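Let's take a friendly tour of the aromatic side chains in this model. The structure comes up just below, so keep it at hand as you read.

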Amino acid sequence: KTFPLVYEATDWRHGVYLAATMGSEATAAADNQAAIRRDPMAMLPFCGYNMGDYWTHWLEFGAKLSHPPKIFRVNWFRKDENGKFIWPGFGQNMRVMKWILDRVNGAVDAAPSAFGLTPHYKDITWQGLDFSEETFNKVMSIDSGEAKAEGQDQKPFFDRFGDRLPPEMEAERQALLKRAG
């Protein structure tokens, strides 16, 4: 789908939004599951209270931190036009993890995108792996129409939380739609 291999939230609030809107594709093992199943922060089956209140908790928590941690998302399972995984697999994931650590330590820059901050090709360690810049661009590309569709798909999910939805979450959804063009 649309999501790039790795991206960083622009700030704590954006990170809570990224976690709140996480989804996973349906699998053969899941009966009666929608194509994308939203599981905020991977906590839906375990959260004993309204998820809107849960997100408010995390927003308030982050506001109290003088240096909140950076938040990242990864998509190891992006496929190419032939249905093959683009990223070579688990043995190579440390390359992405190193970029994340480099971002945390302020050692590398990032580029803005519709979803968040993304790496430059030059900032990933490629030694010992034949992974061209063209292939990297494929695994990092974001189709603006699909990004906009992702933001639109989140609306019915957010609507489920009514007046308990923190306004920050809807503001972030609107920002995604704007960045998607």
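## Aromatic contacts

Trp 55 is buried, with a relative accessible area of 0%. Bear in mind as you read on that this is a predicted model.

The structure holds 21 aromatic pairs. One of them joins Tyr 17 and Phe 158 in an edge-to-face arrangement. Tyr 17 belongs to helix α1 (residues 12–20) and Phe 158 to helix α5 (residues 144–159), so this pair ties together parts that lie 141 residues apart in sequence. Tyr 17 and Phe 158 are both buried.

Helix α5 also takes part in a second pair, in which Phe 157 meets Trp 55 of helix α2 (residues 51–63). Here the rings are tilted, and the pair links distant parts of the chain, 102 residues apart. What is the relative accessible area of Phe 157? Phe 157 has a value of 6% and counts as buried, because the cut-off for that class is under 20%.

Here is the geometry of the two pairs, side by side:

| Pair | Arrangement | Centre to centre | Angle between planes |
|---|---|---|---|
| Tyr 17 and Phe 158 | edge-to-face | 6.3 Å | 65 degrees |
| Trp 55 and Phe 157 | tilted | 6.1 Å | 55 degrees |

Aromatic rings also gather in a group: Trp 12, Tyr 49, Tyr 54, Trp 58 and Phe 61 form one aromatic cluster.

Finally, a charged side chain joins the picture. Which residue lies over the face of Phe 3? That residue is Arg 73, at 5.1 Å from the ring centre.

Terms used:
Residues numbered from 1 in each chain as written. Predicted model: local features only at pLDDT ≥ 70, side-chain atom pairs only at ≥ 80, totals over all residues. Heavy atoms only, no water. Phe/Tyr/Trp six-rings, centres within 6.5 Å; stacked < 30°, edge-to-face > 60°. Helix = DSSP H or I, 4+ residues; strand = E, 2+ residues; numbered from the N terminus. Buried < 20%, exposed > 50% of the residue type's maximum accessible area, 1.4 Å probe, protein only. Lys NZ or Arg CZ within 6 Å of the ring centre and 35° of its normal.
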